[in-house]
Amino acid sequence: SLYERNMTGPRDLNAQIESLINRLRRRQVVGSWCVSIETAILLRQVVSTTRWNHVDTLIKLVKEDIGKRLVMAQPRELAVGNIVRRVLRLIRDVYNSEVATFDDPSAEDGDKDSITDDEEEEEEIKSKSSSQKIRTYSFYSTASMINLLGDPLIISEIQEMINELENTYVNIIDQAMEHIHSNEIIMTVGKSRTVEMFLKTAAKKRKFSVLAAETFPTYLGHEMALSLSQAGIDTTVISDSAIFAVMSRVNKVIMGTHAVLANGGLISVSGAQMVATAAKHHSKPVVVCTGLYKLSPLYPYDEDSFNDLVAPDPVLSFNE
């Protein structure tokens with residue numbers, strides 16, 4: 001592989017990569033947040049423990065040899081590709097800043113106040129080809145300057161991204177008081193950790209009611225309602241068939257999402273589209289709580305490819 005040809009890293013790094021790939025395939029790592037954290041930590045490990053002779057080698061490693069394998073292991077976890085793209089952007093930004101710092105064109109020329117205009121033109125013509133050579137040399141020499149075992153700037157940038165992921169919920173729940181007001185009736189669907197913390201934070205200062213759709217057949221709405229009721233929030237579980245009937249009494253809909261696609265569409269739990277359609281018919285606002293790591297550049301050309309098909313046994317057992 002590209003890693004074995006161009007890198008000299010510890011053997012256990014390959015084991016870590018294979019371990020994450022296997023856990024993604026077996027659905028042992030589920031949820032955009034958990035997947036994002038695991039992917040970011042693995043890529044930080046890759047950058048910090050591998051030797052590379054040029055920045056392009058590191059980019060190819062992260063993009064082709066590791067990134068594509070992680071994405072193919074579980075294509076429906078779009079957060080994997082999002083984190084890989086962010087790490088690639090960080091690597092390019094750090095490298096470009098290093099190049100700009102090392103190759104400063106303002107320091108190449110001295111004072112030429114005593115040179116006439118004609119002499120300046122001749123000097124510029126002569127120096128064009130040589131300056132290009134200098135810039136090219138500087139470009140590659142800078143690449144060799146940051147090819148040490150794990151560039152600390154890249155590692156620190158990835159660590160900042162991990163810290164941002166860990167504090168995603170904090171940044172979202174801080175806005176809860178701006179969207180939830182007293183005596184409102186709020187509808188939610190499914191079970192989202194972000195929405196759960198969002199509502200619990202608002203309940204500390206506001207009194208409101210929540211209607212939780214049961215989300216058959218997973219019944220995630222029951223778990224959501226139990227968690228909210230234990231926090232002292234007035235919560236009512238409704239069947240999915242009653243969503244349209246009670247939507248006229250609802251003030252707003254707050255839901256989570258698995259991913260946000262390029263056209264603004266959501267990949268969410270089964271029944272979310274029904275809730276959004278009912279809210280649109282009754283002109284009710286829909287608020288989606290999510291982090292930036294769920295924003296995906298993919299466009300849903302084939303919507304069925306994003307559906308996660310599961311076994312029908314929980315609904316209709318084999319014995320029946």
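Modeller: Helices in this text are DSSP runs of H or I with at least four residues, numbered from the N terminus. The model is a predicted one.

Colleague: By what distance along the sequence are Arg 89 and Asp 93 separated in helix H5?

Modeller: The side chains of Arg 89 and Asp 93 form a salt bridge, with 3.0 Å from N to O. Both residues belong to helix H5 and are four residues apart, so their separation is about one helical turn.

Colleague: Is Arg 89 buried or exposed?

Modeller: The cut-off for exposed is a relative accessible area over 50%. Its partner Asp 93, at 36%, is partly exposed. Arg 89 has a relative accessible area of 53%, and therefore counts as exposed.

Colleague: Which residues are joined into one network by salt bridges that share partners?

Modeller: Side chains of opposite charge can pair when their charged atoms come close. After the pair in helix H5, in which Asp 93 is partly exposed, one may turn to the network. Salt bridges with shared partners connect Lys 191, Glu 196 and Lys 200.

Colleague: How many residues apart are Arg 69 and Glu 18?

Modeller: Arg 69 and Glu 18 form a salt bridge whose closest N and O atoms are 2.1 Å apart. Arg 69 is in helix H4 (residues 55-73) and Glu 18 in helix H2 (residues 11-25), so the pair links distant parts of the chain, with a separation of 51 residues.

Colleague: Is Glu 77 buried or exposed?

Modeller: Glu 77 forms a salt bridge with Arg 27, the closest N and O atoms being 3.5 Å apart. Arg 27 lies in the loop between H2 and helix H3 (32-49), and Glu 77 in the loop between H4 and helix H5 (78-102), so the pair ties together parts that are 50 residues apart in sequence. Arg 27, at 31% relative accessibility, is partly exposed. Buried means under 20%, and Glu 77, at 2%, is therefore buried.

Colleague: Which strands stand at the edges of the sheet?

Modeller: The open sheet has five strands in the order S3-S2-S1-S4-S7, with parallel pairing. A single partner strand leaves one side without a neighbour in the sheet, which is why the edges are taken by strand S3 (234-238) and strand S7 (286-288).

Colleague: At about what angle does helix H13 run to S4?

Modeller: Strand S4 (residues 252-255) is joined to S7 by three bridges, and the two run parallel. Helix H13 (residues 272-281) lies across S1, S4 and S7, and its angle to S4 is about 160°.

Key: Residues numbered from 1 in each chain as written. Predicted model: local features only at pLDDT ≥ 70, side-chain atom pairs only at ≥ 80, totals over all residues. Heavy atoms only, no water. Pairing = 2+ DSSP bridges. Contact = heavy atoms within 4.5 Å. Axes fitted to C-alpha atoms, helices over the stretch in contact; angles between N-to-C directions. Salt bridge = Lys/Arg side-chain N within 4 Å of Asp/Glu carboxyl O. Buried < 20%, exposed > 50% of the residue type's maximum accessible area, 1.4 Å probe, protein only.
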